[in-house]
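Open the model in your viewer and keep the selection panel at hand. We will go from the whole chain to a few chosen spots.

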Amino acid sequence: MDARDCAAAWWEMVARNLRSIPHSCSTLGRKIAALYNSFTSKPLKEHIFPPLMNMLIFFNFFKAPFLVDLKRPELKIAHTVNFYIRVEPGVILGIWHTVPSCRGEDAKGKDRCWYEAALHDGNPIIVYLHGSAEHRAAPHRLKLVKVLSDGGFHVLSVDYRGFGDSTGKPTEEGLTADAICVYEWTKARCGTTPVCLWGHSLGTGVATNAAKVLEEKGFPVDAIILEAPFTNIWVASINYPLLKIYRKLPGFLRTLMDALRKDKIVFPNDENVKSLSSPLLIIHGEDDNTVPLEFGKKLYEIAHNAYRNKERVKMVIFPPGFQHNLLCKSPMLLKTVRDFLSKQWA
């Protein structure tokens, strides 16, 4: 090919590209118009409220305490190891395993394999499902883990997807899958040692969701403890302190419910407990202003009425002084939990 042919070929290529520009602009214009029409075809509230409610329910963007190396739990709590579980593609959960204090000396210098094998030692196991915001190193969560560890329990502190250093984005379905995965992972390694799901606040909804799925599979969980539970997230949201001031605005409650429905956020503790047979302990503080005691009482009433074996359901109310997050400071807590589980697992 001589120089004249090369030049002709080059100009032909330029001409083709120039001819395609109007088509490309037209395609881009149609895409922009479609996005605009999609946005303007819905009221502004439908664009704002669902992501806003998702943010308020999970609050996972608030990753306090800050500057904590979650890979080094020994800096925050003794005889604890960090590890990760893959739930599904793109979702890896960060977990801290704290062994009972009675095994603290044995645990020194040991790796993850030793901790995993320790689940088979006969000491009961708690899978701890925390509430919204922060992560597994939050001070009130560490206090509870220490109390339980001193009481002879293994504790697996789970950060759901999107919390702490766990990957993925939180949804109700996703958090439920996370809890089921950790419970089944634990049961596969603990032999005959019993495993209890312990949910706090938002975690109570995760716990009962997971327990219901496992019950339907024919594998009811060994026990469930619900700390400061609500009946369902709709009722809890209406009474959420930050939202109470807006309740009287025209249409606000309907908008709130529509947003939760669009995000498929329900966490129906009140419906879930009707399907369960596992031993169920509800604990709640009298002065809990975040999730008022009336919700815990209502949930207990529903569960007690639904359970065939009434002795499997119990509620313990703690006196004022512990509010929403600090039942771990009550001298009654450990005895309450141990007495209930010992009787159920006898």
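Colour the chain by secondary structure: 13 helices and eight strands should appear. Keep in mind that this is a predicted model.

Now show the surface of the whole chain. About 17,200 Å² is exposed, and carbon and sulfur atoms supply 58% of that area. How many of the 346 residues count as buried? The share is 49%. Next, turn on contacts between residues at least 6 apart in sequence. Of these, 75% join residues at least 24 apart.

Select residues 293-306. This is helix H12, with 14 residues. Place a distance between its end C-alpha atoms: they are 20 Å apart. That agrees with the expected span of 20 Å, because each residue is counted at 1.5 Å.

Stay on H12 and pick out its buried residues. They are Leu293, Phe295, Gly296, Leu299, Ile302 and Ala303. In an α-helix there are 3.6 residues a turn, so residues three or four places apart point the same way.

What do the buried residues of H12 pack against? Select two helices, H8 (233-238) and H11 (269-272). Then add strands E6 (223-227), E7 (280-285) and E8 (313-318).

Move to the surface again. Select Met55, Phe61, Phe62, Phe66 and Leu67: together they form a nonpolar patch with about 580 Å² of accessible area.

Zoom in on Phe62. Its place is the loop between helix H2 (44-58) and strand E1 (80-88). Why does Phe62 count as partly exposed? Its relative accessibility is 33%, and partly exposed covers the range between under 20% for buried and over 50% for exposed.

How values were computed:
Residues are numbered from 1 along each chain as its sequence is written. This is a predicted model: local features need pLDDT of at least 70, side-chain atom pairs count only at pLDDT 80 or more; totals for chains, interfaces and linings use all residues. Side-chain values use heavy atoms; hydrogens and water are left out. Patches are made of residues with over 30% relative accessible area and no salt bridge: like charges are joined within 9 Å, nonpolar side chains (Val, Leu, Ile, Met, Phe, Trp, Tyr) within 5 Å. Accessible areas come from the Shrake-Rupley method with a 1.4 Å probe; for residues, only the protein chains shown count as cover. A salt bridge is a side-chain nitrogen of Lys or Arg within 4 Å of a carboxyl oxygen of Asp or Glu. Helices (H or I, at least four residues) and strands (E, at least two) are DSSP runs, numbered from the N terminus. Buried means under 20% relative accessible area, exposed over 50%, partly exposed in between (1.4 Å probe, protein chains only). Contact means heavy atoms within 4.5 Å. The expected span of a helix is 1.5 Å times one less than its number of residues.
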